Amino acid sequence: MAGNLKKFVNPRFIKTVDLPLMKSLLARHDGKFKGFSLDQLEGEEAEVRKALQEFLAGAEENYPEGLRGDLHRIAELGDARGLEIIQVQADRDGIDLFPEMKTGDQEAPNKAHDPKHIALRVFLEHPDLFEAAADHMALLAPDRLHEFAGRERGVTIDLTEEKVEAFRLAVADLFKKAFLGDYCRVGDYADADEINLVVSHGSTVSTMPVVEGQQERVISVRQISHAVLRYSENTGMLRLARIRKAHQPEIAKLFASIILERPGFFDGDDAQDLYTLRPVELAGPGFAFDHRHDPGIDKVQIIDAAADLMVPGKNGYARVARSLRSRDLSGEALRHFGGTPVAFGGSWRLGELVFRVLFMGEGKRQPQVTVKLRPPGVLQFRRTQHEARVLTLIRRNGLMNDRDDFEVVDAAE
């Protein structure tokens, strides 16, 4: 749930919120209130706002569970970033959102232009648009993506409602068996060659003690989590975020068999052997990223690096005996290993590299993306409009393992 709910229902919001909108929101939960009645929303405006303030300023556990969930979801989109996402999604869907509100300010700024007010109205009047905007908010969240490489490149998806529903049922059953409840909703979105699925589902139940008068009781809460799946038709790569590690292989299998109709597509031994720092090790502390292919990149700074001393383990596999870490925000982190016992190519391995990509920009602050790369399968950075350029930079510098396509088409077919 959003952590800014108190800001959302603060006194300034209560004093300006459109009362008919709040009445519509609360009416969705009529009959479930304790110590509050919808009748209190009738009468003089000042008294109505006072009643709203006293109710909403109270402890969240006093809200009906459904209202608590509604307020948290609205709060997630009730800021400037959320408003931008709502507007972009409305344009995609061809919706002219509230044309009567698109006016200039008169004596004072229009209070209806407050992102919280707009998010509330969209929630009530355009529920499908709200769901899509909430899904896109989840897609833009900075997350570590867990990646699975398919057996081939260029495998396209013929996405249908039947496939999405079959996938939803299968994933819902998986989550239910993991004690995450049976709520599950799947939103699907296409973006160029990429197919995005956002799976909203229940999380583990948490309990909290609350007080009613002089009595103590315990309530249970199950928050909503948003799992993300992103599949590139060009590369055959599936990326997962906010999914338990134990569930990732199973969900990849379900995606392959149901959505792609290619069972076993992500089952290769090298499906998660994706990245390498070998070119950096071969070049040594003097390695520098070559970004001449992209004139929009100003520079790439290596700001953090970890070197691991590998020794034979008891089971025959190498283990890390000790590590040295170098951090330098000026971009010289890797060069500092030059004055240490670290010598790549022998027992020392480069375990992790963190670098910052700075792009050309017109403002005082350059657009930048910080990337963490840890072989074989960790590539973490905020997915922005520069995502494709970051991936190209990694590939062009040899940090992405080459994978041979597997021939899986039976000649008889």
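This is a friendly conversation about how to read some features of a predicted model.

Trainee: What should I know about the model before I start?

Mentor: It is a predicted model, in which local features need pLDDT of at least 70 and side-chain atom pairs count only at pLDDT 80 or more, while totals for chains, interfaces and linings use all residues. Residues are numbered from 1 along each chain as its sequence is written, and side-chain values use heavy atoms, with hydrogens and water left out.

Trainee: How do I read the way two helices pack?

Mentor: Two packed helices are described by the angle between their axes and the distance between the axes. Helices are DSSP runs (H or I, at least four residues), numbered from the N terminus, and strands are runs of E of at least two. Axes are lines fitted to C-alpha atoms, for helices over the stretch in contact, and angles run from 0 to 180 degrees between N-to-C directions.

Trainee: At what angle do α9 and α10 pack?

Mentor: Helix α9 (residues 161-177) and α10 pack at about 155°, and their axes are 10 Å apart. That makes α9 roughly antiparallel to α10. The word depends on the angle: under 35 degrees is roughly parallel, over 145 roughly antiparallel, 65 to 115 roughly perpendicular, and the rest oblique. The residues of this contact (heavy atoms within 4.5 Å) include Phe-167 and Leu-174 in α9 and Leu-254 and Phe-255 in α10. They divide into 12 nonpolar, no polar and two charged. Here Ala, Val, Leu, Ile, Met, Phe, Trp, Tyr, Cys and Pro count as nonpolar, Asp, Glu, Lys and Arg as charged, and the others, Gly among them, as polar.

Trainee: Which residues does α6 bring to its meeting with α7?

Mentor: Ala-80, Leu-83 and Ile-86 of α6 meet Pro-115, Ile-118, Ala-119 and Val-122 of α7. By class, this contact has seven nonpolar, no polar and no charged residues. Helix α6 (residues 80-92) packs on α7 at about 40°, with the axes 9 Å apart. That makes α6 oblique to α7.

Trainee: How far apart are the axes of α5 and α7?

Mentor: The axes of α5 and helix α7 (residues 115-125) are 8 Å apart, at an angle of about 125°. That makes α5 oblique to α7. Asp-70, Arg-73, Ile-74 and Leu-77 of α5 touch Pro-115, Lys-116, Ala-119, Leu-120 and Phe-123 of α7.

Trainee: What is a pocket, and which element gives the most to the lining of the second largest one?

Mentor: On a 1 Å grid over the protein atoms alone, a pocket is an open set of points where a 1.4 Å probe fits, with protein on both sides within 12 Å along at least five of seven lines; lining residues have an atom within 4 Å of a point. The second largest pocket has a volume of about 530 Å³, the space filled by probe spheres set on the points, which are joined across faces, edges and corners. Of its 25 lining residues, the closest to the centre are Gly-69, Asp-70, Arg-73, Tyr-183 and Ile-224. α5 gives the most to this lining, with seven residues. By class, the lining has eight nonpolar, eight polar and nine charged residues.

Trainee: What about the backbone?

Mentor: Most residues other than glycine have a negative phi, and most peptide bonds are trans. Arg-242, however, has a positive phi near 55°, and lies in the loop between β5 (237-241) and α10 (248-259). A cis peptide bond joins Pro-375 and Pro-376, with omega about 5°. Pro-376 is in the loop between β9 (368-374) and β10 (378-380).
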